[in-house]
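Me: I am new to this one and would like to understand the words people use for it. Could you show it to me and then take my questions one by one?

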Amino acid sequence: MSKKLWRLTVRDDFSAGHALRHYEGKCERMHGHNFAVELTVEGSQLAAGTEMLLDFKVLKKGLKAVLDALDHRLLNETPPFDRINPSSENLARHIWQGMQAHLAAHDDPQARLVRLHSVTVSEKGAQSATYLETD
C-alpha cells in the first residue's frame, strides 16, 4: 500500500556578510550575499476541518524568526558562526535546527506532526546547499 504524503515549501531571504575560514580564494576575504532560503516540510495527516497539512503562516513566521537573527549581520561574529565556518552548508543546518525547535514548541498541533524535509540555502541562483536528515 502506498503512503500518502504532502510537502509544503516556503521561501525567504536575508542579507549578511561572511568570510570563509580555511578557504583558499577570494571568499576567504570578507564579502556579502543576499542569501535565499527554501524550507520544505512534509506530513501525511491533514488537519480536521481545514484539510491543510499546516498553515503556511506558521512556516513563514518561524523561518522569519530564525533568519532575523542572521539578517544584516557579520556571520563570523554571530553564534554559532563565531566558532564554525559560515558556509552555506552550515547555514542550512543551523536554519534546520532553529525550525525544528520552532515546530516542536508550537501551539498548533499540526506543527508538531509535520517533519522537516529539507532546508536549502543559495548564495546565488546558480548554486545552493541543501541540508536534510534521513531515517
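**Strands, rings and a core**

Reply: Happy to! Let us start with two strands: E4 and E5 run antiparallel and are joined by five bridges. Please keep in mind that this is a predicted model.

Me: What makes E4 and E5 a pair of strands?

Reply: Two strands pair if at least two bridges are found between them. E4 and E5 have five bridges, so they pass that cut-off. One bridge joins Lys-124 to Gln-127 in E5, and another joins Ser-122 to Ser-128 in E5. The two strands form a hairpin, with two residues between them.

Me: Which other strands pair up, and how many bridges join them?

Reply: E1 and E2 run antiparallel with 13 bridges, and in this pairing Asp-13 stands opposite Ala-36 in E2. E2 and E4 also run antiparallel, with seven bridges; here Glu-38 stands opposite Thr-120 in E4. Both counts meet the requirement of at least two bridges, so both are strand pairs.

Me: Why are E3 and E5 said to stand at the edges of the sheet?

Reply: The five strands form an open sheet in the order E3-E1-E2-E4-E5, with mixed pairing. Strand E3 (73-74) and E5 each have a single partner strand, so one side of each is left without a neighbour in the sheet.

Me: What is the whole chain made of, read along the sequence?

Reply: The chain has three helices and five strands, and their pattern along the sequence is β-β-α-β-α-α-β-β. Its C-alpha atoms fill a box of roughly 50 × 30 × 25 Å along the principal axes. Among contacts with a separation of 6 or more, 68% are between residues 24 or more positions apart.

Me: Why is Thr-120 called buried?

Reply: Buried means under 20% relative accessible area. Thr-120 has 13% relative accessibility, so it counts as buried. This residue lies in strand E4. Leaving out residues up to four places away in sequence, Thr-120 touches Ala-36, Val-37, Glu-38, Ser-128, Ala-129 and Thr-130.

Me: What makes the link between the side chains of Thr-120 and Thr-130 a polar contact?

Reply: The cut-off for a pair of N or O atoms is 3.5 Å. The side chains of Thr-120 and Thr-130 are joined at 2.7 Å, which is within that limit, so the distance fits the name.

Me: How many aromatic pairs are there, and why is the one between Phe-14 and Phe-35 called stacked?

Reply: The structure holds two aromatic pairs. In the one formed by Phe-14 and Phe-35, the centres are 4.9 Å apart and the planes are at 15 degrees. Rings pair if their centres lie within 6.5 Å, and planes under 30 degrees apart count as stacked, so both values fit. The pair links distant parts of the chain, as Phe-14 is in strand E1 and Phe-35 is in strand E2, 21 residues apart.

Me: How do you know whether Phe-14 and Phe-35 are buried or exposed?

Reply: Phe-14 has 1% relative accessibility and Phe-35 has 0%. Both values are under 20%, so both residues count as buried.

Me: Why is the pair of Trp-96 and Tyr-131 called edge-to-face?

Reply: The planes of Trp-96 and Tyr-131 are at 80 degrees, with 5.4 Å centre to centre. An angle over 60 degrees counts as edge-to-face, so the name applies. Trp-96 sits in helix H2 and Tyr-131 in strand E5 (residues 127-131), 35 residues apart. Trp-96 is at 2% relative accessibility, so it too counts as buried.

Me: What makes up the largest nonpolar core?

Reply: The largest nonpolar core has 29 residues, and Phe-14, Leu-59, Ile-95 and Leu-103 have the most contacts inside it. Strand E1 (6-18), strand E2 (31-43), helix H1 (56-68), helix H2 (88-105) and strand E4 (115-124) each give two or more residues to this core. The largest share, six residues, comes from H2. Beyond its neighbours within four places in sequence, Phe-14 is in contact with residues including Val-37, Leu-67, Leu-91 and Ile-95. In soluble globular proteins, nonpolar side chains tend to be buried together.

Key: Residues are numbered from 1 along each chain as its sequence is written. This is a predicted model: local features need pLDDT of at least 70, side-chain atom pairs count only at pLDDT 80 or more; totals for chains, interfaces and linings use all residues. Side-chain values use heavy atoms; hydrogens and water are left out. A nonpolar core is a set of buried Ala, Val, Leu, Ile, Met, Phe, Trp, Tyr and Cys residues joined through side-chain atoms within 4.5 Å. Buried means under 20% relative accessible area, exposed over 50%, partly exposed in between (1.4 Å probe, protein chains only). Helices (H or I, at least four residues) and strands (E, at least two) are DSSP runs, numbered from the N terminus. Contact means heavy atoms within 4.5 Å. A polar contact is a pair of N or O atoms within 3.5 Å; within protein, one must be able to donate a hydrogen and the other to accept it, and residues adjacent in sequence count only if both atoms are side-chain atoms. Rings of Phe, Tyr and Trp (its six-membered ring) pair if their centres lie within 6.5 Å; planes under 30 degrees apart count as stacked, over 60 as edge-to-face and the rest as tilted.
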